[in-house]
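Welcome, and thanks for taking a look at this one. Please have the sequence and the 3D view side by side as you go through the notes below.

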Amino acid sequence: MGHHRPSKHLRAARPLNVGAMRTAVKKYDGRWIVQQIVAGRSVKEYRCPECNRMIPAGTAHVVAWLETPPIGAISPVEFRHHFHTSCWNRRP
């Protein structure tokens with residue numbers, strides 16, 4: 001019988017690339033830390049929370065997380081979201 005990986009929701013969040021450029025952006029729901037992911041570095045499929053459509057592996061996109069994490073969070077990166085670049089840019 002094969003081993004199953006634990007749910008990604010039960011595993012600790014993987015750190016993002018430390019050398020990557022990050023910017024802080026103010027949106028209607030708070031201040032976000034934003035990191036651009038280039039197509040060659042995107043190896044998984046993600047669901048965009050803005051349009052609820054998939055971001056295929058190999059697609060450039062934006063990873064963003066609130067600068068101030070929710071109370072009780074160990075790290076703000078635990079609450080990061082992957083957005084289509086156009087979806088992120090349309091957010092007020």
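A good place to begin is strand 1 and strand 2, which form a hairpin with two residues between them. Please keep in mind that this is a predicted model. The protein holds one helix and six strands, and along the sequence they follow the pattern β-β-β-β-β-β-α.

**Strand pairing**

- Strand 1 (residues 22–27) and strand 2 (residues 30–37) pair in the antiparallel sense, with six bridges between them.
- Within this hairpin, Thr-23 has Val-34 of strand 2 as its bridge partner.
- Strand 2 also pairs with strand 5, again in the antiparallel sense and over six bridges.
- To find your way along that pairing, look for Gln-35, which stands opposite Val-63 in strand 5.
- Strand 5 is joined in turn to strand 6 (residues 81–83) by three bridges, and these two strands run antiparallel.
- Here Val-62 stands opposite Phe-83 in strand 6.
- Strand 5 (residues 61–66) is largely enclosed by the rest of the structure, because five of its six residues are buried.

**Aromatic residues**

- The structure holds three aromatic pairs.
- One of them is Trp-32 with Trp-88: the ring centres are 5.6 Å apart and the planes stand at 75 degrees, so this pair is edge-to-face.
- This pair links distant parts of the chain, with Trp-32 in strand 2 and Trp-88 in helix 1, 56 residues apart.
- Both Trp-32 and Trp-88 are buried.
- Phe-83 joins Trp-32 and Trp-88 in one aromatic cluster.
- Lys-27 lies over the face of Trp-88, at 4.8 Å from the ring centre.

**Arg-91 and its surroundings**

- Arg-91 belongs to the segment after helix 1 (85–90).
- Is Arg-91 buried or exposed? Its relative accessible area is 7%, and with the cut-off for buried set at under 20%, Arg-91 counts as buried.
- Leaving aside residues up to four places away in sequence, Arg-91 touches Lys-27, Tyr-28, Asp-29, Trp-32, Glu-50 and Phe-83.
- Two of the cluster members, Trp-32 and Phe-83, are thus found again among the residues that Arg-91 touches.
- Lys-27, which lies over the face of Trp-88, is also among the residues touched by Arg-91.
- With Glu-50, Arg-91 makes a polar contact of 2.9 Å between the side chains.
- Arg-91 and Glu-50 are 41 residues apart in sequence, yet their C-alpha atoms are 8.2 Å apart in space.

**A loop residue worth a look**

- Asn-52 sits in the loop between strand 3 (46–47) and strand 4 (54–55).
- The phi angle of Asn-52 is near 65 degrees, a positive value in a residue other than glycine.

**The protein as a whole**

- Of the 92 residues in the protein, 27% are buried.
- The protein exposes about 6,800 Å², and carbon and sulfur atoms supply 57% of that area.
- Among contacts with a separation of 6 or more, 51% are between residues 24 or more positions apart.

Note on methods:
Residues are numbered from 1 along each chain as its sequence is written. This is a predicted model: local features need pLDDT of at least 70, side-chain atom pairs count only at pLDDT 80 or more; totals for chains, interfaces and linings use all residues. Side-chain values use heavy atoms; hydrogens and water are left out. Helices (H or I, at least four residues) and strands (E, at least two) are DSSP runs, numbered from the N terminus. Buried means under 20% relative accessible area, exposed over 50%, partly exposed in between (1.4 Å probe, protein chains only). Contact means heavy atoms within 4.5 Å. A polar contact is a pair of N or O atoms within 3.5 Å; within protein, one must be able to donate a hydrogen and the other to accept it, and residues adjacent in sequence count only if both atoms are side-chain atoms. Two strands pair if DSSP finds at least two bridges between them. Rings of Phe, Tyr and Trp (its six-membered ring) pair if their centres lie within 6.5 Å; planes under 30 degrees apart count as stacked, over 60 as edge-to-face and the rest as tilted. A charge sits over a ring if NZ of Lys or CZ of Arg is within 6 Å of the ring centre and within 35 degrees of the ring normal. Accessible areas come from the Shrake-Rupley method with a 1.4 Å probe; for residues, only the protein chains shown count as cover.
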